[in-house]
Amino acid sequence: IGHAICDGYINSVDETLGSWPILENTLYSDLPLIDLLNMRARDQHVVTEKDGFLKTGRWFNPVSIRDAASLELENTKPNKRREYNYNGFITNVLMNYMIFKLGDNWQDFLDHVFQEKIKIGHRFIFQKAYGADSDGVGWYSAYASRYDYLRIAISMLNDWQSDNCVGKYLKQIKKRSEPMGKQFWLFDLKPKNARNNAGFASQYGGQFYFNYTGMKKRNIFGMNGYGGQSVLIDMDNSRIVVVNAASTNYDWYELVYQPIKTGKLKTN
């Protein structure tokens with residue numbers, strides 16, 4: 001999204017999704033991008049990460065946006081309560097909106113960002129849902145090598161520190177991040193209770209976790225993925241920790257949190 005804004009395809013994070021015909025007459029059509037980026041799309045009565053689409057019981061992956069718009073989203077309105085509702089369908093909406101805005105330039109855009117700028121060394125694969133490309137079949141699920149995930153994090157760090165257009169975008173979404181609105185344990189006192197970074201962070205914005213316990217004054221961007229994958233980027237101290245895992249059964253506190261916080265790895 002940041003690159004699409006900087007390249008002029010999207011106006012800003014306050015742009016609404018109303019120009020996309022697929023979303024017409026759905027709860028998302030008049031919402032600004034920032035509400036989706038912050039997982040506050042007021043869609044908790046329609047879809048959740050736990051149960052998928054509440055109307056039909058369908059899981060949102062792999063479902064095209066057009067298919068969802070006709071079966072689960074038609075005539076829906078935003079919920080009156082603007083609350084944090086993390087769900088993967090929102091990320092699919094964001095990705096497909098960006099594909100719609102870029103049109104025929106989508107592949108060139110990907111080549112520019114991943115190959116020319118980030119300089120990935122291996123194949124980077126996005127999956128697709130079922131249907132025609134015009135149906136909104138982009139799927140956030142992606143596969144990359146462990147080194148390319150690190151290269152992406154390094155590129156973000158460089159953008160932030162150089163204060164270029166994408167760096168300014170990252171600073172904007174950090175500034176506009178919002179509380180997730182639930183209770184968080186004091187993991188400094190109970191480190192073994194932690195299994196991923198989500199519980200350490202108290203704010204979310206732009207598809208990232210922020211405000212980590214014990215480090216709330218630092219600009220740390222966090223991501224966690226399926227199977228225990230974890231990426232934390234400390235923009236202030238130029239530290240990056242990337243964990244590639246197939247299970248959450250590891251000590252996230254010692255292997256990720258402590259190195260980001262102290263700059264040191266446990267030696268025993």
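This briefing covers the overall build, the charged pairs and one helix of a protein model.

The model is predicted: local features need pLDDT of at least 70, side-chain atom pairs count only at pLDDT 80 or more, and totals for chains, interfaces and linings use all residues. Residues are numbered from 1 along each chain as its sequence is written, and side-chain values use heavy atoms, with hydrogens and water left out. The protein contains 8 helices and 10 strands; helices (H or I, at least four residues) and strands (E, at least two) are DSSP runs, numbered from the N terminus.

**Overall build**

- The radius of gyration is 19 Å, close to the 18 Å that the globule rule gives for 268 residues, so the protein is as compact as a globular protein of that length. This radius is taken over C-alpha atoms, and the globule rule is 2.2 Å times the number of residues to the power 0.38.
- The C-alpha trace spans about 55 × 40 × 30 Å along its principal axes.
- Of the 268 residues, 50% count as buried. Buried means under 20% relative accessible area, exposed means over 50%, and partly exposed lies in between (1.4 Å probe, protein chains only).
- Among contacts with a separation of 6 or more, 55% come from residues 24 or more positions apart; a contact means heavy atoms within 4.5 Å.
- About 13,500 Å² of the protein is exposed, and carbon and sulfur atoms supply 50% of that area. Accessible areas come from the Shrake-Rupley method with a 1.4 Å probe, and for residues only the protein chains shown count as cover.

**Charges and salt bridges**

- The protein has 33 positive and 28 negative side chains, and the centres of the two sets lie 9 Å apart. Lys and Arg count as positive and Asp and Glu as negative, while His and the chain ends are not counted; the place of a charge is taken as NZ of Lys, CZ of Arg, CG of Asp or CD of Glu.
- A search of the whole structure finds 15 salt bridges, each being a side-chain nitrogen of Lys or Arg within 4 Å of a carboxyl oxygen of Asp or Glu.
- One of them joins Arg 82 to Asp 35, at 2.8 Å from N to O. The pair links distant parts of the chain, 47 residues apart: Arg 82 is in the loop between α3 (65-73) and α4 (88-102), and Asp 35 is in helix α2 (residues 33-37).
- Arg 82 is partly exposed at 37% relative accessibility, whereas Asp 35 is buried at 8%.
- Not counting residues up to four places away in sequence, Asp 35 touches Arg 40, Ala 41 and Arg 82.
- Arg 81 and Glu 83 form a salt bridge whose closest N and O atoms are 2.2 Å apart. Arg 81 is partly exposed at 48% relative accessibility, and Glu 83 is partly exposed at 28%.
- Asp 133 and Lys 128 form another salt bridge, with the closest N and O atoms 3.1 Å apart. Both Asp 133 and Lys 128 are exposed.
- Salt bridges that share partners join Asp 35, Arg 40, Arg 82 and Glu 178 into one network.

**Helix α8**

- Helix α8 (residues 252-262) is mostly covered, with 8 of its 11 residues buried.
- The buried residues of α8 are Trp 252, Tyr 253, Glu 254, Val 256, Tyr 257, Gln 258, Pro 259 and Ile 260.
- The buried residues of α8 pack against four strands: β7 (208-212), β8 (220-224), β9 (230-234) and β10 (239-243).
- Gly 263, just after α8, takes a positive phi of about 80°.
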